[in-house]
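Work through the exercises below with the model open beside you, trying each task before reading its solution.

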Amino acid sequence: MNKSMTGMLQKLGPLLGFFVIVIILTFMSDNFLTLDNILVVLRQVSINALIAFGMTFVILTGGIDLSVGSTLALSGALTAGMLSSGMDPMLAVILGMLAGAAMGAFNGIVITKGKVAPFIATLATMTIFRGLTLVYTDGRPITGLSDSMSFKMIGQGYLFGIPVPAVLMTVAFAILFFILKKTVFGRQVYSIGGNEEASILSGIRADRVKIWVYSLTGLLSALAGIILTSRLNSAQPNVGVAFELDAIAAVVLGGTSLSGGRGWIFGTLVGALIIGVLNNGLNLLDVSSFFQQVVKGTVILLAVLMDRKKTA
Amino acid sequence: MTVQPIVEMNHIHKSFVGNKVLKDVHFDVKPGEIHALMGENGAGKSTMMKILTGIHKRDQGTVSVNGKEVAFSNPKEAEKAGIAVIHQELNIIPYLTVAQNMFLGKELKYGKTGVLKTKEMQQKTRERLQRLGIDMDPDEEAGQLSVGKQQMVEIARAISTNAEVLVMDEPTAALTDREIEALFKVIRQLRDQGVGIVYISHRMEEIFSLCNRISVLRDGEYIGTKYSNETSFEEIVKMMVGRELGQRFPDRTSEIGDTKLEVKSLSRDGWFEDVSFSVRKGEILGVAGLMGAGRTEIMEALFGSRKTSNGQVFLDGQHLKIKHPKDSIEAGIGFITEDRKSEGLVLNLSIRENMALPMLSNLSNYGVLSNKSEQELVESLMSRLQVKATGPDQEVKSLSGGNQQKVVIGKWLGIEPKVLILDEPTRGVDIGAKKEIYHIMNELTERGVSIIMVSSELPEVLGMSDRILVIHEGKVATTLSREEADQEKIMQAATGQAAMGGNRG
């Protein structure tokens, strides 16, 4: 009984932190808790949240993926390239996402079959994918995308008054939450992160599961890249640099253990919201962008320290 | 008999959050004796030792060293007073040398400069090891040594502070027979030098051959102390479990049928060679051999978690293609590994999640898990095995060793195996739980399951097996029937003294 109570508290800790920040910001700025601003925050958060969802799976298996920002850039550029050559927008988006999944699969194969530590493997592919983006774009933005309304909708549109990126984020969240909680695949992700050896001896094909996990992360990063491309109406070769850090921060803020096997994706959503609200609130308060970084880092540090206290 | 004890603990009481774990417990150690502290898991042995060494504070009672009452607040103080502990898990840093490990935290320095006296430490390390009759290079990396030798380093380090009392917690758990012999020699030598030794172990044979006195705890209570030459195995067990345990091994009653599993010339270069054997329906095949003979490796190869270069496996006459544990599990082979924490369980998952692990595909439709069938399966397994837990959602980390082992067994009963491989099934499990495990094995064979049991405990092999396969250096040395097998024949075959016992079966 007692144990599940503390477990519950631990799970709800991030949510509590989020509400504290929201309340403080509401008092400090009149423009914060307004419908318009909430929608802005949701749209901003969606990019990081999508990447962080994938990162949650990776981290649950005990891995890490540093290449998400580069995957985002390369898939965005490829999609933009296809669009500017006149391809059907729907097809271009699907191919762009598959390209991201393929990049993720490549990470997964290097990690499992090549037995390279995830940190090293994705550090290398981070550079490779970024380099490929620069080669492909020749270092210049790709503009002149299609005039297709449906493509513009992805990043700029609204559905029932809600920004489409936020809708996509919510749908992705619901699907991924279900996968982790209710499917064999989700269970395998947790068990591999908890004890890979025991999982293999229980008949789980750990390599395959991991390749799927990295592919999923690649797919989600690509979706984020496509949203960004649509919003900017162009593909920027240097977009997404250091995005992996915000994603990892969101996962950690959400209470998922970096050593794998423990955590949940709802926490990651809250973590991404905390980061998004902080960014937005500090902007509203006219805090200099230099100082914003100090605040963000401090919040992450505090959150993790409090988590350590609770588990100790 | 009137020798003054070095350490005396009287009327010790201790509670953890209202839970009484020690109730009026007495214990003492005299110089030059080996005193066994026995009891089932959770009886309070480790808590007693933790109170002695200052890790826990006692609620009531007295602890005195050489007649003076003490209250250590940490192990360092206890060490200064001459009480050293060898823990079950070794505290050796693998990348440091023997000498560096020996002086860890107590390095010899030039004054207060922090500059190390390397030569002197090497010299002293060599001297200390030689005093124990051990020949070892002080410059060797500790991680390169066998577990037995690492333990020697730790013992040498522990007694280097002129320890008068040495506490050893399950020191032989990971040692080979030869290493155990060497360890016992050292322990006896220390005893003759007047060191008082507290020896904690589950292995009865060891205790009786080594110890002068045996003290027994049960559920935090002091049951009594006996001289080992005036008591018996049965009496000590009765003291530990509080009731007659009856026979140590249940009678084998299952009906043995036709050949179930057949392994033909399984080989892997450098590990094992041309290993062939078979198990029949309802039979227990014991697999004996020295540690490092390749028994576990052969089982892993059969199960698919280790690659083979050659060989075939037949189940019910059908050739199995096993490339991954998944293949053997689907064919109906289960594998209860030796090390349940690192290979058997996902410690931070629940009983439910662990038990369901090998059969997730059977508990799901199109990849979506069915809560209902999972719950039903796990509840029936838990009651069948009498797992003591708050419920299926308890983390396995917080279960006792015996209950963890039951979860591992339950995990494999769920797949309704035709063949079950058990690798050291009762290691680190207390006597009561051991007996339950033997009963489960019997019950399974009665249902027609074939069991392969790898064990280093000869009494267990002799007591439970219908046939015994002896492995020596990666090869089958001999196969013995239950009737013809005895300790001597097994040991002779296991140590390579062939031409004994014949090659039947």
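**Exercise 1. Find which residues form the nonpolar surface patch of about 660 Å² in chain A, and place Ile23(A) within its element.**

Solution. In this predicted model, the patch on the surface is formed by Phe19(A), Val20(A), Ile23(A), Ile24(A), Phe27(A) and Met28(A), which together have about 660 Å² of accessible area. Taking Ile23(A) as the example, the next step is to locate it, and it is found in helix H1 of chain A, residues 2-28. Its relative accessible area is 48%, and because the partly exposed class runs from 20% up to 50%, Ile23(A) counts as partly exposed. As background for reading the spacing of such residues, an α-helix has 3.6 residues a turn, so residues three or four places apart point the same way.

**Exercise 2. Determine where Asp139(B) lies and which residues share its patch of negative charge.**

Solution. The patch on the surface gathers Asp137(B), Asp139(B), Glu140(B) and Glu141(B). Asp139(B) belongs to the loop that runs between helix H4 (118-131) and helix H5 (147-159) of chain B. With a relative accessible area of 40%, Asp139(B) is partly exposed.

**Exercise 3. Examine the backbone of Asp138(A) and of His11(B): what is the sign of phi in each?**

Solution. Begin with the general expectation, which is that most residues other than glycine have a negative phi. Asp138(A), although not a glycine, has a positive phi of about 60°; this residue sits in the loop between helix H5 (118-137) and helix H6 (149-156) of chain A, and at a relative accessible area of 51% it is exposed. His11(B) also has a positive value, with phi near 50°, but its place is in strand E1 of chain B, residues 7-16.

**Exercise 4. Check the lengths of helices H14 and H15 of chain B against the rise of 1.5 Å a residue, and decide how enclosed each helix is.**

Solution. Helix H14(B), residues 401-413, has 13 residues and should span 18 Å, and its end C-alpha atoms are indeed 18 Å apart, so expectation and model agree. Helix H15(B), residues 431-446, has 16 residues, and the distance from its first C-alpha to its last is 23 Å, which is close to the expected 22 Å.

For burial, the cut-off is under 20% relative accessible area. In H14(B), 13 of the 13 residues are buried, so this helix is largely enclosed by the rest of the structure. In H15(B), 12 of the 16 residues are buried, and this helix too is therefore largely enclosed by the rest of the structure. The buried residues of H15(B) include Lys434(B) and Lys435(B), as well as Ile437(B), Tyr438(B), Ile440(B) and Met441(B). After H15(B) comes Gly448(B), whose phi is positive, near 100°.

**Exercise 5. Trace the salt bridges of Lys14(B), Glu79(B) and Arg252(B), and state which parts of the chain each one joins.**

Solution. Over all chains, the structure holds 33 salt bridges.

1. The side chain of Lys14(B) meets that of Asp59(B), at 3.9 Å from N to O. Lys14(B) lies in strand E1 and Asp59(B) in the loop between helix H1 (45-52) and strand E4 (60-65) of chain B, so the pair ties together parts that are 45 residues apart in sequence. Lys14(B) is buried at 9% relative accessible area, whereas Asp59(B) is partly exposed at 44%.

2. Glu79(B) pairs with Lys106(B), their closest N and O atoms being 3.5 Å apart. Because Glu79(B) lies in helix H2 (residues 75-80) and Lys106(B) in the loop between helix H3 (98-102) and H4 of chain B, the pair ties together parts 27 residues apart in sequence. Both ends are partly exposed, Glu79(B) at 26% and Lys106(B) at 31%.

3. Arg252(B) and Asp466(B) meet at 2.6 Å, N to O. This pair links distant parts of the chain, 214 residues apart, with Arg252(B) in the loop between helix H8 (233-241) and strand E11 (259-268), and Asp466(B) in the loop between helix H16 (458-464) and strand E21 (467-472) of chain B. Arg252(B) is buried at 16%, and Asp466(B) is buried at 13%.

Note on methods
Residues numbered from 1 in each chain as written. Chains lettered and ligands numbered in written order. Predicted model: local features only at pLDDT ≥ 70, side-chain atom pairs only at ≥ 80, totals over all residues. Heavy atoms only, no water. Patch = residues over 30% accessible without salt bridge, like charges linked within 9 Å, V, L, I, M, F, W, Y side chains within 5 Å. Areas by Shrake-Rupley, 256 points an atom, 1.4 Å probe, with all protein chains shown as cover. Salt bridge = Lys/Arg side-chain N within 4 Å of Asp/Glu carboxyl O. Lys, Arg positive; Asp, Glu negative; His and termini not counted. Charge placed at Lys NZ, Arg CZ, Asp CG, Glu CD. Helix = DSSP H or I, 4+ residues; strand = E, 2+ residues; numbered from the N terminus. Buried < 20%, exposed > 50% of the residue type's maximum accessible area, 1.4 Å probe, protein only. Expected span 1.5 Å × (residues − 1).
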